[in-house]
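Biologist: I would like a close look at one part of this protein, the surroundings of its ligand, and at how the rest is arranged. Could you walk me through it?

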Amino acid sequence: MAHLLIIDDEASICYAFRRYFEARGLRVSVAATARAGLDVCRRDPPDVALVDVCLPDADGIGLLADLRQAAPAARFLVITAFGTLETATRAVAGEAFDYLVKPLDLARVAQAVTQALESGQSDLADATAPAAATHAARGGTQAPQLVGAAPAMQEVYKQIAWAARSEAAVIVVGATGTGKELTAQSIHDLSPRRAGPFVAVNCGALPESLVESELFGYARGAFSGAVSDKPGRFETAHGGTLFLDEVGDLPPAAQVKLLRFLDTQQVDRLGSLSSRALDVRIVAATHRDLAEAVAAGAFRQDLYYRLAVIVIHLPPLRDRRADITVLARHFLAALSPSPPALSAAAAACLEAWPWPGNVRELRNVMQHALAVCSTGPILVSHLPPALRGPHGDSGGAAGSGGATGAARQDALEAALAAVAEACDWRRPGVHTRAVEALERYLIRRAMADAGGHQIEAAEHLGMHRNTLRRKLLEDRPQDPPASGHA
Ligand SMILES: Nc1ncnc2c1ncn2[C@@H]1O[C@H](COP(=O)(O)OP(=O)(O)OP(=O)(O)O)[C@@H](O)[C@H]1O
Ligand SMILES: [Mg+2]
């Protein structure tokens, strides 16, 4: 009978998993701490263990090495509440069989456990990783920021972490602005090649006549004007990663040369008689369907198969809506030394937009918003008109009569920002100052409205008339006007 160990301090998870897997014929052990889990591994090694990242006495991923030593034949599945690229990288570097992100879906967990049981010795991390790459990318501190933890990005992070440990060619597929280049850069930065160069070439931007000399270099005299030897981008990338952006635009002759490099790790400069052996890892990207280009005869099928050893699909931003405001705040923080807040109404507009230009478009929109908002939060009116929605434009023509919900919310946020600013909100005691200022203002306004009638003003304010009288007395001797510039 297969033995499953669950190391998690959350009793409800342990209970649910135990019931579920026992009903499916597994023997289940449970441990609430790292220490107890290690103990089980030594006494009664499991076939598969589910390990929570966040344990009371240890970090689950850090624990993997010890667990593996105690139970060398076991497969480990890591459970995490935070599906970031860093977790994925650490889990793969720790040779976890797979990792699962909370909230957990029992069917998905069962599928992972079954795969782990069936996998025998073969390990997810070993499938493409050469032994030398075992230390790929600890920590991930110097990794570029791929922000967002929407479910659609989890698979991407897993594949990046995996690709970083491998030397195989990668194709990153995605619409414009989805983060293809950032993904390629992440793979490089997390790989053992990170100390080497990352060289990016946009194959679509090079004139066809220059592609080959640019990529492969040339020897003196190769053509008129070739007055000296020149290395190509392949050579510049020696020891590192060559990112071939829009690889689908590569002309046929260059496709042949790329294929030869992938087969032999050698390139020839144009007009040169000798080949050069190079150590370059290829990561390619395309916004179009290369399989279609192959079918149409525009892209070599053999090259496609050599490149597409690992294929990473980047989802469009509209398929990861949970990340939109996270990314928006990320860009505000990256683009401004003192990033403003994002108003709730503006956030709602961002979430509703379909983002045809994906993450790059979102970045541009935040840049625009920062440019037009002077102080205070980003409001709907700071967004480009198209994004404001059918009723979001608070600034302009009062055609439809009366403020809409979004516009009112915006006006309130703008006013509150002004109050906070006037009260010098960075000074301690701002709460008292702001609340008193607002109350004084409302009392004066109600009194003026009621023509000095205290009982009527008290009623309107929803305040007992004695309280109002007391506050009016308190207000009189001390204060200069509340709205004065302090
Ligand atoms: N997940 C992300 N987190 C943070 N920034 C991101 C993310 N994805 C993309 N970006 C940023 O968005 C912009 C566009 O990303 P990138 O250039 O990688 O996209 P691309 O897919 O290569 O676009 P194109 O097809 O237009 O070349 C960059 O400024 C990049 O840093
Ligand atoms: Mg790009």
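What percentage of the 486 residues of the protein count as buried? And, for the close look, which residues are the closest to ligand 1?

Modeller: Happy to. This is a predicted model, in which local features need pLDDT of at least 70 and side-chain atom pairs count only at pLDDT 80 or more, while totals for chains, interfaces and linings use all residues. Residues are numbered from 1 along each chain as its sequence is written, with chains lettered from A and ligands numbered from 1 in the order in which they are written.

To your first question: 36% of the 486 residues count as buried, meaning that 20 or more other C-beta atoms, placed from the backbone, lie within 10 Å of a residue's own (exposed is 12 or fewer, partly exposed in between). The protein has 19 helices and 16 strands; these are DSSP runs numbered from the N terminus, H or I over at least four residues for a helix and E over at least two for a strand. Among contacts with a separation of 6 or more, 71% join residues 24 or more positions apart, a contact being two C-beta atoms, placed from the backbone, within 7 Å.

Now for your close look. Ligand 1 is surrounded by 18 residues, and V147, G179, K180, E181 and V359 are the closest; to belong here, a residue needs its C-beta atom, placed from the backbone, within 6 Å of the molecule. Helices α7 (180-190), α13 (324-335) and α15 (358-372) each give two or more residues to this shell. By type, the shell holds five nonpolar, nine polar and four charged residues. Here Ala, Val, Leu, Ile, Met, Phe, Trp, Tyr, Cys and Pro count as nonpolar, Asp, Glu, Lys and Arg as charged, and the others, Gly among them, as polar. Domain 2 (167-315) and domain 3 (318-395 + 403-422) each supply at least three of the shell residues, with bounds taken from an automatic or database domain assignment.

Helix α7 leads from the ligand to a sheet. It lies across β8 (170-173), β9, β12, β15 and β16, at about 165° to β15; axes are lines fitted to C-alpha atoms, for helices over the stretch in contact, and angles run from 0 to 180 degrees between N-to-C directions. That open sheet has five strands in the order β9-β12-β15-β8-β16, with parallel pairing, where a pair needs at least two DSSP bridges. Strands β9 (198-202) and β16 (310-313) are its edges, each pairing on one side only. On average, neighbouring strands are turned by 20° against each other, direction ignored. Within this sheet, four bridges pair β12 (residues 241-245) with β15 (residues 281-286) in the parallel sense, and L244 has A284 as its bridge partner in β15.

A second open sheet also has five strands and parallel pairing, in the order β2-β1-β3-β6-β7. At its edges, β2 (27-31) and β7 (98-101) each have a single partner strand, so one side of each is left without a neighbour in the sheet. Its twist averages 20° from one strand to the next. Strand β6 (residues 75-80) runs parallel to β7 and is joined to it by four bridges, with V78 standing opposite Y99 in β7. Helix α5 (residues 106-118) lies across β1 (3-7), β3 (48-52), β6 and β7, at about 175° to β7.
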